[in-house]
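Colleague: Could you take a close look at a single part of this model, the sheet, and describe how its strands are arranged and what lies against them?

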Amino acid sequence: MSIVKEFKEQCETPLRKLREVADAMKVEMHAGLDSEGASRMLKMLITYVQNLPTGDEKGLFYALDLGGTNIRALRVHLGGKEEATSLAKFVSSEPEDFHPPPGRQRELGFTFSFPVRQTSIVSGTLIKWTKSFNIEGLVGEDVVRELTKSMEKIGLDMRVAALVNDTVGTLARARFSNQDVIVGVIFGTGTNAAYVEHAHAIPKWHGLVPKSGEMVINTEWGDFCSIHLPLTEYDQALDAETINPGEQIFEKVISGMYLGDIVRRALLKMAEEADFFGDTVPPKLAIPFILKAYDMAAMNHDSSSDLKVVGNRLRDIFEIHNTSLEVRKIVVELCDIVVIRAARLAAAGIFGLLQKTGRDKVKVGEQQRSVIALDGGLFEQYPKFRTCLESTLKELLGVEAAETIVIEHSQDGSGIGAALLAASHSQYLGMKDH
């Protein structure tokens, strides 16, 4: 229990600390917008998306969405304001060689044949539009080249129309339905945020001022770090064993890829130093990333009197049998500690974005309403993460400002949003089918 107590204390996120994190985030955002490389943490990438969907877009589009865990091939019918937007999708878990665990680098020329096959399943015919993606280790030209080669190999008549970051797609999807949307955030296997910035607030932008006066910025906030982040020995050990030590620290404490492994490391220490599971240390506790965020969610929301779900997960994942109710309760407490810290830090990140855009306070005489579009498996499938994030953001904003901020779930946002951006910017806009 002393190990649990120390871990809980190290993970505490009082409002004072969260405000310090948000302030540090805002400082880095300003630096990243000022000039390239001015911020070591936030790239603040100019996306060149100057016009977001208006809700008038129409047509038939196809999108290929490669997430951190699943591949989605989407068939999107846009009906504008007059007709409903309909969606057909094929979802498949990605094979391990497509997204290897942290610590194993993927080869540059890996095959795209698997996602291409999924797209052909959902279309069954000619595909002209696709949502492309941001693959670790690949730049845009590499993605287009490798994807095109795989399409040609199976005879699929398809071309890449746009490369769209998932957060930008989430923002675009939500903006199609609601013009008050200003931020898009992904909380899934990884995490990132994009938002709408005034063009005059981007000193490093030297092009013509967009007619809209706005530009979408991709923050790449996963790489954010600050002395105010409550990091523990488990976070440091995890970071040291990844392929990018010292990088993506914010992502490593709040995203689905890493949460389960933080819990596993704490359990391993308790087993080694306090005989938590008996005289021997269960061998599978030493396997990195064997505990997933969805396992945490299942244990965290186990409502049975004997915590049967917790016992079953410990048995199935770690081969730990006949655990007592006391042990199961402690496992749930560890999950609580990790997910609450993640959700509260995620809320601090969003609060930092709202501070940067001046949406964190109510302006006298203005009827301001700001919508934040969120997507990703962690947000969608981990209720404790979602509710804690929402309540923490309200705490940070205060009662009056919180009434002007709305959180909206932008389901399948990245894929549909990419199709919308293709529609908004394409020379073919206005044709019936694409």
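Modeller: What follows goes through the sheet strand by strand and then turns to the helix that crosses it.

This is a predicted model, in which local features need pLDDT of at least 70, side-chain atom pairs count only at pLDDT 80 or more, and totals for chains, interfaces and linings use all residues. Residues are numbered from 1 along each chain as its sequence is written, and side-chain values use heavy atoms, with hydrogens and water left out.

The sheet is open and mixed in its pairing, with six strands in the order β1-β9-β8-β7-β10-β11. The edges are taken by β1 (45-46) and β11 (405-409); each has a single partner strand, so one side of each has no neighbour in the sheet. Strands here are DSSP runs of E with at least two residues, and helices are runs of H or I with at least four residues, both numbered from the N terminus. Two strands pair if DSSP finds at least two bridges between them.

Starting from the β1 edge, β1 and β9 are antiparallel and share two bridges. Within this pairing, Ile46 is opposite Ile217 of β9. On to the next pair: β8 and β9 also run antiparallel, joined by five bridges. Ile217 appears here again, as the bridge partner in β9 of Tyr195. Ile217 is thus opposite Ile46 and is also bridged to Tyr195. As for burial, β9 is mostly covered, with four of its five residues buried; buried means under 20% relative accessible area, exposed means over 50%, and partly exposed lies in between, using a 1.4 Å probe and protein chains only.

Further along the order, the pairing of β7 (residues 181-187) with β10 (residues 370-375) is parallel and extends over five bridges. One position in this pairing is Ile186, whose bridge partner in β10 is Asp375.

Next comes the helix. Helix α5 (residues 166-177) lies across five strands: β7, β8 (191-198), β9 (214-218), β10 and β11. Relative to β7, α5 runs at about 135°. For such angles, axes are lines fitted to C-alpha atoms, for helices over the stretch in contact (heavy atoms within 4.5 Å), and the angle between N-to-C directions runs from 0 to 180 degrees.

To put the pieces together, β9 has β1 as an antiparallel partner and β8 as another, and β9 is also among the strands that α5 lies across. The edge strand β11 is likewise crossed by α5.
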